[in-house]
Amino acid sequence: MISVKPKKNLGQHFLKDATIAGRIADTLDAFAPLPILEVGPGTGMLTQFLLSKDRGLTVVEIDRESIAYLKDNFPELNGKILQQNFLTMDFSKHYTGEFCVIGNYPYNISSQIFFKVLDNKDQIPCCSGMIQKEVAERMIASPGSKTYGILSILLQVWYDIEYLFTVSEQAFIPPPKVKSAVVRLTRNKRKRLNCNEKLFKSVVKTSFNQRRKMLRNSLKSLLPEESPLPDDPMLTKRPEQLSVAQFEELTNLIEPLTGNAFSEENKN
């Protein structure tokens, strides 16, 4: 019998609670019959429930031990196990239309996973799964909150985010040092931003990378030296005080001052 040892360098904490796994699998039911891509299946605790949905499940895994285990225990996955890094996947090689993403995500790359989903938002109408509780709280945070930041804004622009339930450390092997949470992201109806999207991302990231500074000071780095910022009340605030809509306004405010760094062709 092939065994799989959790690997710290891969951020592996294998879910052992079947009831929780079943609940996670059910988070995608509203999007049937779209196919499902599971990230990091590990020992297949979640996989078994996804297979029962009969929705064209594919799994992506980089751990060779896990892949051998899955092949040995889930013959129905024959030809549907991708040995590669989810973060570098070219989805167009596997999907021509929409699909859903799910997983008990490796904790060390959970934010990167959601940014990868975000980059492919037009193909992924729903993404759900298990992450650190702290990251889940950042995703749903509102303006004024200490946890409100880059992840909150960039995800909330394009997805409605639900914090579904909290999971104890004891539901895993080995138990992580933090509590976990299950979230669901559902693509909203927004087709484009009301501003230059490339500049919007830069404004958000630059602002929160210096979140203790007033926006007037942190955003200077985006402008040529000869382009002083205008006198606008918004620029006297700190980034956590602004809503998504206000960040769009802020982007439009400074775009004329950025020169050719953010051209019109970068808009959606």
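**Exercise 1. Is Ser 152 buried or exposed, and what is its relative accessibility?**

The model is predicted: local features need pLDDT of at least 70, side-chain atom pairs count only at pLDDT 80 or more, and totals for chains, interfaces and linings use all residues. Residues are numbered from 1 along each chain as its sequence is written, and side-chain values use heavy atoms, with hydrogens and water left out.

*Solution.*

Step 1. Apply the classes: buried means under 20% relative accessible area, exposed over 50%, and partly exposed in between (1.4 Å probe, protein chains only). Ser 152 counts as buried because its relative accessibility is 0%.

Step 2. Place the residue. Ser 152 belongs to helix α6, residues 150–156; helices (H or I, at least four residues) and strands (E, at least two) are DSSP runs, numbered from the N terminus.

Step 3. List its surroundings. With neighbours within four places in sequence left aside, Ser 152 is in contact with Arg 138, Met 139, Ala 141 and Thr 147, where contact means heavy atoms within 4.5 Å.

Step 4. Inspect the side chain. A polar atom of the Ser 152 side chain lies 3.0 Å from the backbone nitrogen of Gly 149.

**Exercise 2. Describe how the buried residues of helices α5 and α9 are arranged, and state what they pack against or are covered by.**

*Solution.*

Step 1. Begin with α5. Its buried residues are Val 135, Ala 136 and Met 139. They lie on the same side of α5, because they cover an arc of only 100° around the axis; the arc is that of the directions from the helix axis to the C-beta atoms.

Step 2. Identify the partners of α5. Its buried residues pack against α4, β6, α6, β7 (159–167) and β9.

Step 3. Turn to α9, residues 244–254. Here Val 244, Phe 247, Glu 248, Leu 250, Thr 251 and Ile 254 are buried. These residues cover an arc of only 160° around the axis and are therefore on the same side of α9.

Step 4. Identify the cover of α9. The elements over its buried residues include α6, α7 (197–209) and α8 (215–218).

**Exercise 3. Locate the salt bridges of Lys 7, Arg 187 and Lys 133, and state how far apart in sequence the partners are.**

*Solution.*

Step 1. Apply the criterion: a salt bridge is a side-chain nitrogen of Lys or Arg within 4 Å of a carboxyl oxygen of Asp or Glu. The count by this rule is 12.

Step 2. Take Lys 7. It forms a salt bridge with Asp 63, with the closest N and O atoms 3.1 Å apart. Lys 7 is in the segment before β1 (14–15) and Asp 63 in the loop between β3 (58–61) and α3 (64–73), so the pair ties together parts 56 residues apart in sequence. Asp 63 is buried, at a relative accessible area of 5%. Lys 7, Asp 63 and Glu 65 are linked in a salt-bridge network.

Step 3. Take Arg 187. Its side chain meets that of Asp 122 in a salt bridge of 3.4 Å, N to O. Arg 187 is in strand β9 (residues 180–187) and Asp 122 in the loop between α4 (110–119) and β6 (126–132); the pair links distant parts of the chain, 65 residues apart. Arg 187 is buried at 17%, whereas Asp 122 is exposed at 58%.

Step 4. Take Lys 133. Its partner is Glu 137, the closest N and O atoms being 2.5 Å apart. Both are in helix α5 (residues 133–140), and because they are 4 residues apart, about one helical turn separates them. Lys 133 is partly exposed at 25% relative accessibility, as is Glu 137 at 30%.

**Exercise 4. Characterise the backbone at Pro 33, Pro 174 and Asp 54.**

*Solution.*

Step 1. The Ala 32 to Pro 33 peptide bond is cis, with omega near 5°; Pro 33 lies in the loop between α1 (18–25) and β2 (36–39).

Step 2. The Ile 173 to Pro 174 peptide bond is cis, with omega near -15°. Pro 174 is in the loop between β8 (172–173) and β9.

Step 3. Asp 54 is not a glycine, yet it has a positive phi of about 55°. It is placed in the loop between α2 (47–51) and β3, and is exposed at 70% relative accessible area.

Technical notes
A polar contact is a pair of N or O atoms within 3.5 Å; within protein, one must be able to donate a hydrogen and the other to accept it, and residues adjacent in sequence count only if both atoms are side-chain atoms.
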